[in-house]
Amino acid sequence: MTLRGVILLVLGLSLWSPSQAETSRVTLLHFSDYHSHAVPFYADGEHGRGGIARAIGYLRREKKQPSTFVFNGGDTMNLGSPAWSDKYRCVEWPWLNGLVDAMAFGNHDADYGPATFDRCRRSVTYPILGANVVDHAGSPLFTVEGKQYVVLRSGSVRIGVVALASDGFEKLTRPETRPAAGVRFLPRIESAQSIVRALREIEGVNAVVVIGHAHREEDFELARSVPGIDLIFGTHSHIREELTRIPGTATWFISPHQYLGFISRVELRFDEGQLAGVEGRLVRMDRNIGEDRRVRNEVRRLRKRLERDPAYRSLFEPIGNAAIELSLDGQLQGETILGNLVMDVVRSAVTAHVALSTTSSFRQPIPPGRIVLEDLRAALPYENRIVMYDLEGASVRELLELGLGRRGTDAFAQLSGVRVRKEGDELEVEILRDPADPSKGFAPLDDASTYRVATTDYMARIASGYREIFGRADAVESGREVREEVRRFIVANSPVAAELDGRLYSSLITDQ
């Protein structure tokens with residue numbers, strides 16, 4: 001090579017920047033809505049799903065790659081169920097030190113009050129995020145070096161990570177179950193607009209990622225309202241959804257269901273600093289995933305201690321038997337075996353024409369065989385009270401149209417006492433003639449007649465859309481609680497079973 005050629009080569013190399021020509025890959029792992037399910041559980045017809053030891057084993061192996069980041073979407077605890085949560089609170093939080101890079105604040109993370117939350121928060125080395133969570137003075141409660149987000153670096157790639165509490169947190173969380181006295185939640189979309197702008201224009205990040213904590217429909221609305229978000233990890237709705245592009249946006253979405261049964265795994269590919277590709281899938285945490293031995297042994301030790309504790313021992317004693325799996329298969333789309341059983345029990349307990357509940361109140365199936373109280377608490381983890389309303393048929397129809405129109409979300413309605421079919425734009429409804437004697441069968445719903453409707457206090461007073469309809473009438477308190485009524489039924493009627501009896505006609509489910 002001539003001297004001129006050498007000089008040109010050297011000059012060319014001095015002007016070339018590695019970041020301009022490199023292709024970088026960053027792997028993001030995300031779990032959410034763990035709800036203290038430290039012990040493997042029953043799901044999809046098999047025992048042994050999930051468990052904190054299995055998840056940590058997987059995360060620890062993946063984390064060996066320096067370009068891998070791990071996020072916790074929040075809701076790590078759950079007051080009242082499972083018993084592990086009540087006894088051990090956040091014992092697992094520090095087990096994730098060195099693995100988790102950021103955690104979203106979820107509505108259950110302060111279930112045990114601000115003092116417990118503060119203790120838990122001080123036990124971890126990873127930041128907790130919630131950009132729209134403010135203290136009594138209106139100052140951000142969660143900050144990292146004065147910022148409401150974190151920026152993670154992998155080589156020349158910078159990932160902006162933010163968490164945003166659901167707009168429903170104001171109603172979902174009581175003052176005593178907030179992370180500090182006087183905590184408020186600012187509007188989610190408005191908060192996101194300023195945060196994304198800061199990440200893009202000030203921090204110069206290559207990608208923006210939202211790690212929680214809100215319903216799926218809120219996440220979709222966020223993506224449509226706030227350009228510049230590349231990826232949203234689903235939380236709060238307990239939805240299992242593979243990687244998809246949110247319609248009408250450039251934002252990707254993936255949701256890992258609940259309880260560490262799945263972990264979201266997404267790979268971002270950058271060419272010359274620009275996001276050029278997104279690939280991902282849900283990784284099933286089943287017996288094929290090796291457990292972390294140390295964590296497994298600690299879980300077993302704590303589990304034995306829990307079962308021997310006089311305060312919790314009765315939760316592990318049999319209350320009856322299930323003749324079949326009391327399944328929740330297809331619960332976001334149609335009727336389910338467990339949903340039918342529970343809503344029939346509720347309707348019968350208060351002699352109502354109709355009973356309905358959001359699917360969000362049902363969390364796990366009950367496996368066939370012996371039932372202990374902790375199994376029932378896992379299936380129905382919330383102490384929902386039964387409330388009743390006397391509604392005109394037109395309002396009943398409106399409730400059904402709303403509930404069935406929420407198909408695909410955890411706001412979908414599970415029903416008893418009605419049979420519905422959708423023909424075109426019309427909803428055909430048959431309702432019990434006599435709630436005291438179901439053997440008399442069904443009659444067409446009369447919009448002008450009055451019917452007794454039973455529901456949960458959550459659906460009637462908190463769930464968006466439903467609370468507005470129920471709010472037009474006066475509530476009648478039953479003094480009964482859903483889970484306790486189901487427990488009594490199991491004790492008195494084992495072995496229990498239920499069947500899909502066509503209360504949601506197939507034409508409704510296939511209607512688009």
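Here is a short chat about strand 18 and Leu96 in this predicted model.

Trainee: Let's start with strand 18. How many of its residues are buried?

Mentor: Strand 18 covers residues 354-358. The strand is mostly covered, and the count of buried residues is five of five.

Trainee: Which residues of strand 18 point the other way from Val354, Leu356 and Thr358?

Mentor: In a regular strand, side chains alternate between the two faces of the sheet. Here Val354, Leu356 and Thr358 point one way, and both sets are buried. The residues pointing the other way are Ala355 and Ser357.

Trainee: Does strand 25 run parallel or antiparallel to strand 18, and which residue there is the bridge partner of Leu356?

Mentor: Strand 25 takes in residues 450-456. Three bridges link it with strand 18, in the parallel sense. Within strand 25, the bridge partner of Leu356 is Thr455.

Trainee: And strand 21: which of its residues stands opposite Thr358?

Mentor: Strand 21 spans residues 413-416 and is joined to strand 18 by four bridges. These two strands run antiparallel. Opposite Thr358 stands Ala413.

Trainee: Now over to Leu96. Why is Leu96 called buried?

Mentor: Leu96 lies in the loop between helix 4 (83-88) and strand 5 (102-104). Buried means under 20% relative accessible area. Leu96 counts as buried because its relative accessible area is 6%.

Trainee: Which residues is Leu96 in contact with, leaving aside neighbours within four places in sequence?

Mentor: Contact means heavy atoms within 4.5 Å. With those sequence neighbours left aside, the contacts of Leu96 are Phe31, Ile56 and Tyr126.

Terms used:
Residues numbered from 1 in each chain as written. Predicted model: local features only at pLDDT ≥ 70, side-chain atom pairs only at ≥ 80, totals over all residues. Heavy atoms only, no water. Buried < 20%, exposed > 50% of the residue type's maximum accessible area, 1.4 Å probe, protein only. Pairing = 2+ DSSP bridges.
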